[in-house]
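The following exercises concern a predicted model. Please work through each task with the structure at hand before reading its solution.

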Amino acid sequence: MAARRGALIALEGVDRAGKSTQGRRLVQGLRAAGHKADLIRFPDRTTEIGQLISSYLVREKDLEDHTVHLLFSANRWEHVPLMKEKLHQGITIVVDRYAFSGVAFTNAKGNFCLDWCKQPDVGLPKPDLILFLQLSPEEAAERGNYGHERYESSSFQEKVLQSFYCLMEDKTLNWKTVDASQSIEDLHREIKSIAEKTMEEVQNKPLEELWK
Ligand code: NYM
Ligand code: MG
């Protein structure tokens, strides 16, 4: 029998929903339970492409909108060989944002249709589970001010949320919405239990390709 593979689990949601906190907690929790698990955060600002993206986000650099969209996608593709290797070694990969953030943020700019936004990411490893951390704009605002990066305004985040809702209508993907207004620990327990169930279900199934 072929070796069991790890699961690819994506965390999505608007800014301040708690994706990074929950991503870290999930990997810690899975490791403590004896699973092999790694975390990847997108954008990964440490690569050369990621540094360009970061200088765009902090407004040090202006980049044309199509260009920056393609850079975000390239920043995912550069991780694909290692992601596949790890998944096939039985390591579960938790991604803090993935192609869905890529599509939702560019689509929120207004002049890019969902179909165009999706194309560069077609064929990426398909997540076995996409956890959508749901938080109302009011609750997000109560968590403190946005930072000073591009996209960090409540009017833009509202458009991002609408784009996420369009993407969630795709029933070929395993979206699960969780209530991100819960305490960190309660949300962690819920997420870990959904993740472990998915890991069990997919371990003998082939890894699929996104939007193909
Ligand atoms: N973002 C993130 C995009 O616009 N496209 C993408 O493909 C990804 C992965 O980058 N506001 C945006 C969403 C965020 C910003 O992400 C930086 P983070 O998680 O705050 O570092
Ligand atoms: Mg941010």
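**Exercise 1.** Determine in which helix K19 is found, and whether K19 is buried or exposed.

*Solution.* Step 1: K19 belongs to helix α1, which comprises residues 19–32. Step 2: K19 is buried.

**Exercise 2.** Establish which side chain of opposite charge is nearest to K19, and how far away that side chain is.

*Solution.* Step 1: The nearest side chain of opposite charge is that of D15, at 4.9 Å. Step 2: A salt bridge requires the charged atoms to lie within 4 Å. Step 3: K19 accordingly has no salt bridge, although K19 is buried.

**Exercise 3.** Identify the backbone oxygens that the side chain of K19 reaches, and list the residues that K19 touches beyond four places in sequence.

*Solution.* Step 1: The backbone oxygen of G13 is 3.2 Å from the side chain of K19. Step 2: A polar atom of the K19 side chain also lies 3.0 Å from the backbone oxygen of V14. Step 3: Leaving aside residues up to four places away in sequence, K19 touches L11, E12, G13, V14, D96, R97 and L133.

**Exercise 4.** Describe the surroundings of ligand 1, and state what share of its exposed area the protein buries.

*Solution.* Step 1: There are 13 residues around ligand 1, of which R45, F72, R76, R97 and G102 come nearest. Step 2: Polar side-chain atoms lie 2.7 Å from a ligand 1 oxygen for R97, 3.0 Å for R45 and 3.3 Å for R41. Step 3: Ligand 1 taken alone exposes 480 Å², and the protein buries 95% of that area.

Conventions:
Residues are numbered from 1 along each chain as its sequence is written. Chains are lettered from A and ligands numbered from 1 in the order in which they are written. This is a predicted model: local features need pLDDT of at least 70, side-chain atom pairs count only at pLDDT 80 or more; totals for chains, interfaces and linings use all residues. Side-chain values use heavy atoms; hydrogens and water are left out. Helices (H or I, at least four residues) and strands (E, at least two) are DSSP runs, numbered from the N terminus. Buried means under 20% relative accessible area, exposed over 50%, partly exposed in between (1.4 Å probe, protein chains only). Lys and Arg count as positive and Asp and Glu as negative; His and the chain ends are not counted. A polar contact is a pair of N or O atoms within 3.5 Å; within protein, one must be able to donate a hydrogen and the other to accept it, and residues adjacent in sequence count only if both atoms are side-chain atoms. Contact means heavy atoms within 4.5 Å. A residue is near a molecule or strand if one of its heavy atoms lies within 4 Å of it. Accessible areas come from the Shrake-Rupley method with a 1.4 Å probe; for residues, only the protein chains shown count as cover.
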